[in-house]
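Hi,

Here's the structure I said I'd pass along. Have a look at it first, and my notes follow underneath.

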Amino acid sequence: MTIFDFLLLFRYTPSMRDTLVIDLETKKSFDEVGGEKNIADLGISVAGVWSYAQDAFFALEEHELPRLAEILKNTDHLIGFNIVHFDIPVMRPYMDAAILDRIAVTDIFADAVAFLGHRVGLGGVAKATLGQSKSGHGLEALEWFRQGRIEEVKKYCMDDVRLTRDIYEYGKKHGHILFDSFVDGKAHSIPVRWVEEKEAPVAAVLADAFAARRRVAIEYVSSQDADRMGYRKSRLIDIYGIKQNGEIEAYCHLRSAVRKFNVRRVMSATMTGETYAMPQDVQPALL
């Protein structure tokens, strides 16, 4: 028996409040149920889960899903890729709605789309962020289920759970994840805030620093790693203006030049005790 076989046989025993990473494989396709409006009719063939409290993977088939409902009663945080509009609606027919409605959700897909304005796939994000590929495709898993190859469905599902967990952990550690752009064929970053902020919101700190003409130290995630020194860098800036669209014009002490920044890419901001004067050709007012 391999370690993966052992993990698939693991049986969950609740012991504390939990955080889960989840992924589902379905019994039917959208074509078979009449489109996305009937998502609740897809059915679940396998639910794959990583439990932070138990430090283990496990998989549940459809007849075991009452156990999933019990597990979720003990869960405070659910993590996944496109779970808001897919996995959670697919789960709803199997349990009381109140179980799911009380759980905090981190949806990596939704966070990426909110920043980029377009969709990204788990495979593309995993490849750019982790250098790892998916082990298959959802349509393959559907065909395996129809053929009774349930262990292959489980393995595929659990591989996706692992990738999702590792992307989440990367984002927590680095403040961003990556995707390969079809526009230029290069890897670009997506800033994420998956660590609870204990200080004042970034936008408020920047606005206050600008108003007081106080130099500010920021952690900034660049779109590209042009200098091969990492996407996230510490910078010291003097803000010259903040536009309504979130664009910041500032003197960057790292580059010794005026640069433009995006508020959404500023991961943290701290005002220093140093002040600065506005250049004569810049209006000292909010743009």
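**The E9/E10 hairpin**

Strands E9 and E10 make a hairpin, with 4 residues between them, and Gly 246 in the turn has a positive phi of about 90°. Keep in mind that this is a predicted model.

The two strands of the hairpin run antiparallel, paired over 5 bridges. One spot to click on is Gly 241, which sits opposite Glu 249 in E10.

E9 has a partner in E8 (residues 214-221) as well: that pairing is also antiparallel, over 6 bridges. There, Glu 219 is the residue opposite Ser 234 in E9.

How enclosed is E9 by the rest of the structure? Largely, because 8 of its 11 residues are buried.

Then there's Lys 243, in the loop between E9 (232-242) and E10 (247-252). Is Lys 243 buried, exposed or partly exposed? Its relative accessibility is 37%, and buried means under 20% while exposed means over 50%, so Lys 243 counts as partly exposed. If you want a distance to check, the C-alpha atoms of Lys 243 and Ala 204 are 14 Å apart, with 39 residues separating the two along the chain.

On confidence: the protein chain has a mean pLDDT of 91, and 91% of its residues reach 70 or more. The exception to flag is residues 1-10, where pLDDT is below 50; that stretch has 15 contacts in the model beyond near neighbours in sequence. Where pLDDT is low, the predicted coordinates shouldn't be read in detail.

Cheers

How values were computed. Residues are numbered from 1 along each chain as its sequence is written. This is a predicted model: local features need pLDDT of at least 70, side-chain atom pairs count only at pLDDT 80 or more; totals for chains, interfaces and linings use all residues. Side-chain values use heavy atoms; hydrogens and water are left out. pLDDT is the predictor's confidence in each residue, from 0 to 100. Contact means heavy atoms within 4.5 Å. Buried means under 20% relative accessible area, exposed over 50%, partly exposed in between (1.4 Å probe, protein chains only). Two strands pair if DSSP finds at least two bridges between them.
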